[in-house]
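This report introduces a single protein chain to a reader who has not met it before. The sequence and the structure are shown first, and the interior is then described.

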Amino acid sequence: MSNTEHQGKVALVTGGGRGFGKAFGAALTARGAHVVLADIDGEAAKAAAAELTDHGGSATGVTFDVADEAAVDAAVHEITDRHGGLDILVNNAGLHAAYNKPFTELGLTKVRRVLDVNVMGVVICSLAAREAMKGRAGASIVNISSSAAYANRSIYGVSKLAVRGLTVSFAREFAADGIRVNAIAPGLIFTDTVRADLSSAEAERVLGEQILRREGTEQDVVEALLHLVSSKSAFVTGETLRVTGGFALSV
């Protein structure tokens with residue numbers, strides 16, 4: 001029997017043109033939600049939405065940069081006008097591996113861009129969505145942090161630490177509106193892209209630091225998302241769920 005818990009719900013997934021964002025969209029449409037996939041690469045977002053629709057889901061693709069306040073506000077207003085509101089926001093868009101380098105190597109222009117996208121993007125999208133989500137049963141925001149937030153070896157890790165902090169702050173601020181706010185911190189997830197870019201030595205190093213000695217998969221992260229936006233986590237807010245196989249555990 002299929003799970004239709006999100007039948008009639010409306011979700012916005014940023015960075016939805018590929019990778020985790022597209023996978024999140026597929027999982028939510030499979031459970032009955034209409035999903036708006038947003039991406040700075042609008043063609044990728046539209047192609048991903050068309051693919052989900054071809055598989056029986058309900059999805060649309062839109063173009064915006066999460067760091068562009070006016071564009072985000074316009075997109076959320078359009079979603080509200082068309083669908084009556086918003087139930088789920090997944091703040092997935094982010095700059096990743098290429099920015100996981102020392103500050104001096106990246107330079108200030110790229111450092112600012114990481115903060116604009118990974119940190120301000122979460123702020124801008126969450127604030128834009130608040131009114132559209134207010135008072136809607138089961139309203140839920142999920143931010144995508146990273147296991148790098150627990151290591152802080154680069155601006156990327158610092159930006160993902162900030163995402164954890166924002167998750168707590170927004171959980172407190174949005175609780176009165178009935179909106180839960182949580183985050184997921186994935187570890188090394190062996191997508192096709194990661195597998196192509198990662199050396200076998202680096203992969204072995206990370207696996208050696210995990211408690212569970214298997215490769216993390218995209219589906220592991222998708223299942224975490226589905227839990228956090230479901231009624232099963234109705235009493236959970238302000239938390240960051242690590243999906244890392246036990247990598248970098250701490251108390």
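In this predicted model, the largest nonpolar core holds 38 residues, of which L12, L86 and M133 touch the most other members. Two or more residues come to this core from each of β1 (10–14), β2 (34–39), α3 (69–83), α5 (108–133) and α6 (155–174). The greatest contribution is that of α5, which gives 12 residues. With neighbours within four places in sequence left aside, L12 is in contact with V36, A38, V76, I79, L86, I88, L89 and V90. There is also a second, separate core of 28 residues, and A23, A27, L28 and V35 are among them. In soluble globular proteins, nonpolar side chains tend to be buried together.

The two cores may be set side by side.

| Core | Residues in the core | Residues including |
|---|---|---|
| Largest nonpolar core | 38 residues | L12, L86 and M133 |
| Second, separate core | 28 residues | A23, A27, L28 and V35 |

The helix α9 and the loop that follows are considered next. In α9, the buried residues are V221, V222, A224, L225, L226 and L228. These buried residues of α9 pack against one helix, α1 (19–30), and against the strands β4 (88–91), β5 (140–144), β6 (180–186) and β7.

Where does S233 lie? S233 is located in the loop between α9 (218–228) and β7 (240–243). Is S233 buried or exposed? Its relative accessibility is 0%, and S233 therefore counts as buried, since buried means under 20% relative accessible area. Not counting residues up to four places away in sequence, S233 touches R180, H227 and L228. Of these contacts, L228 is also one of the buried residues of α9.

The chain as a whole can now be described. It contains nine helices and seven strands. Its C-alpha trace spans about 50 × 45 × 35 Å along the principal axes. A compact globule of 251 residues would have a radius of gyration near 18 Å, and the chain, at 17 Å, agrees with this. Buried residues account for 48% of the 251 residues. Among contacts with a separation of 6 or more, 73% join residues that are 24 or more positions apart.

The surface and the charges complete the account. The chain exposes about 12000 Å², and 54% of this area is supplied by carbon and sulfur atoms. The chain carries 24 positive and 28 negative charges, and the mean positions of the two sets are 5 Å apart.

Key:
Residues are numbered from 1 along each chain as its sequence is written. This is a predicted model: local features need pLDDT of at least 70, side-chain atom pairs count only at pLDDT 80 or more; totals for chains, interfaces and linings use all residues. Side-chain values use heavy atoms; hydrogens and water are left out. Helices (H or I, at least four residues) and strands (E, at least two) are DSSP runs, numbered from the N terminus. The radius of gyration is taken over C-alpha atoms; the globule rule is 2.2 Å times the number of residues to the power 0.38. Buried means under 20% relative accessible area, exposed over 50%, partly exposed in between (1.4 Å probe, protein chains only). Contact means heavy atoms within 4.5 Å. Accessible areas come from the Shrake-Rupley method with a 1.4 Å probe; for residues, only the protein chains shown count as cover. Lys and Arg count as positive and Asp and Glu as negative; His and the chain ends are not counted. The place of a charge is taken as NZ of Lys, CZ of Arg, CG of Asp or CD of Glu. A nonpolar core is a set of buried Ala, Val, Leu, Ile, Met, Phe, Trp, Tyr and Cys residues joined through side-chain atoms within 4.5 Å.
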